Amino acid sequence: MAASKLSGCLRNILILVILITSISTAIFYVLLQSNLYKLPKDKNSGVFFKNIEVFDGEKVLGETNVRVEGEVITCVGPDCKPLADTPIIEGKGKSLIPGLADLHVHFYAPSVENSGLSTFRQLFDYVKQRPQVRKNLHAAGITAIRSVGDIPANILKLRLQIEKGDLAGPEVYCTGPLFTAPDGHPAGTIYKGNPYLIENGTRQVKDGETARKEVESLAALGVNGIKAVYDDAGGKIPKLDSAVLKIIITTAHEKNLWVTVHTGTAADVAAVTAWGADAIEHGTEEPLPDRVVQMMVEKQILYIPTLSIMETQGVLERQPGRFRNIQRLDSAGVMMGAGTDTQGNMTFGNSLHRELELLVKAGLSPEHALRAATFYAAISLKTDHEKGLIAVGKQADLVLIQGRPWQQIEDIRKIEAVWQKGIQVK
């Protein structure tokens with residue numbers, strides 16, 4: 001009798017556990033599917049901009065018309081006519097520019113968007129691929145991001161979800177983990193004591209053969225480029241061996257991947273320029289020799305100074321040489337890139353607007369600053385054949401603005417609407 005009662009009790013407990021588990025799973029699934037930030041169900045098939053001033057990514061066209069059909073721009077000029085049943089946007093007093101790109105993003109880095117969340121809610125936010133971050137990027141006119149250090153499994157999944165239309169967000173171009181020396185940055189600095197980030201977010205290499213195999217492995221995964229750190233923080237941390245870095249660059253180019261390198265000194269910039277890197281992250285405060293500047297022009301190397309994060313860290317006040325370098329490089333014809341390195345007390349999207357303002361403060365014209373986030377960005381991503389310009393045949397990534405940001409860069413904050421692949425996302 002006692003055994004029978006015990007068996008019945010256990011059965012009831014088991015039923016209760018199954019019920020609670022089922023309800024919990026259902027609630028978790030509902031929460032997971034909520035507020036994911038997806039594309040609008042009613043996708044626009046086209047749009048016509050009438051009498052609107054245009055900055056096409058390279059130059060100002062003045063007042064004209066622009067027609068979009070599906071994902072593509074099909075006509076630019078005063079003689080363009082709208083197709084039947086195409087929505088028409090009157091452009092008087094407004095302007096149109098190409099979609100913006102943030103060229104230095106760590107998508108999963110803690111930022112203002114999740115600073116007030118509990119640990120559980122932060123984890124949930126990451127599982128849902130940071131919907132508020134993706135929404136903020138779109139709201140800021142950003143239609144492409146260049147991820148330079150996110151964990152491959154995570155960022156490649158996000159890239160696929162956006163490509164398939166399962167989630168809304170800027171198009172993703174990524175490097176995966178950072179190549180660095182054993183115990184170099186960030187493995188021996190900001191990742192120190194975190195085995196997961198060190199294992200998945202870096203590739204610590206000390207010989208050429210290992211470096212080659214790691215680059216080939218990431219190429220097979222489908223990354224768009226490779227990022228390496230060539231900086232010893234003034235002798236405080238180990239630095240990637242120069243011969244190893246050369247092999248990283250050569251192997252990446254053999255796999256048709258672009259290479260961007262984190263530098264700290266003028267000597268670092270000179271070296272990676274000579275070795276054929278495609279872009280330089282952060283740059284330096286030290287004066288750059290004329291021969292290096294000329295080499296950067298000849299090799300079309302992109303210089304991405306990441307001024308917005310340096311402002312938040314007080315670096316710009318201590319290192320005015322960074323502004324002087326930017327003035328020299330821009331005057332010489334070096335391509336500048338807009339990247340933010342958003343993290344900490346920064347907000348995604350807003351940080352790129354601040355980056356453009358700081359580039360102008362550093363000496364660029366507003367027009368050149370816009371070019372750093374549009375046409376030059378497309379060149380750096382090797383997508384200039386289809387993006388970065390408002391021209392016939394280009395992808396319809398467009399930003400509608402109240403004002404003229406090529407005259408006053410602060411107008412970049414007056415965004416009214418954003419299109420990505422012809423779909424209005426703001």
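Here is a short chat about a helix pair and the cysteines in this predicted model.

Colleague: Hi! Let's start with helix 9 and helix 12. At what angle do their axes cross?

Modeller: Happy to help. The axis of helix 9 (residues 290-298) crosses that of helix 12 (residues 321-332) at roughly 50°, and the two axes come within 10 Å. That angle makes helix 9 oblique to helix 12.

Colleague: And is the crossing of helix 9 and helix 12 left-handed or right-handed?

Modeller: Helix 9 passes helix 12 in a right-handed crossing.

Colleague: Nice. Which residues meet there?

Modeller: From helix 9 you have Asp-290, Val-293, Met-296 and Val-297. On the helix 12 side, they meet Arg-328, Leu-329 and Ala-332.

Colleague: How does that contact split by class?

Modeller: The contact of helix 9 with helix 12 has five nonpolar residues and two charged ones, with no polar residues.

Colleague: Changing topic: how many disulfides does the count come to?

Modeller: The count comes to one disulfide. Cys-75 is joined to Cys-80, with an S to S distance of 2.0 Å.

Colleague: What is the handedness of the link between Cys-75 and Cys-80?

Modeller: That link is left-handed, with -85° about the S-S bond.

Colleague: Are Cys-75 and Cys-80 buried or exposed?

Modeller: Cys-75 has 18% relative accessibility, so Cys-75 counts as buried, the cut-off being under 20%. Cys-80 is buried as well, with a relative accessible area of 3%.

Colleague: One more, then. Where does Cys-174 stand on relative accessibility?

Modeller: Cys-174 is at 0%, so Cys-174 counts as buried.

Definitions and conventions. Residues numbered from 1 in each chain as written. Predicted model: local features only at pLDDT ≥ 70, side-chain atom pairs only at ≥ 80, totals over all residues. Heavy atoms only, no water. Axes fitted to C-alpha atoms, helices over the stretch in contact; angles between N-to-C directions. Helix = DSSP H or I, 4+ residues; strand = E, 2+ residues; numbered from the N terminus. Parallel < 35°, antiparallel > 145°, perpendicular 65-115°, else oblique. Left-handed = near helix turned anticlockwise from the far one by under 90°. Contact = heavy atoms within 4.5 Å. Nonpolar A, V, L, I, M, F, W, Y, C, P; charged D, E, K, R; others polar. Disulfide = S-S within 2.5 Å. Buried < 20%, exposed > 50% of the residue type's maximum accessible area, 1.4 Å probe, protein only.
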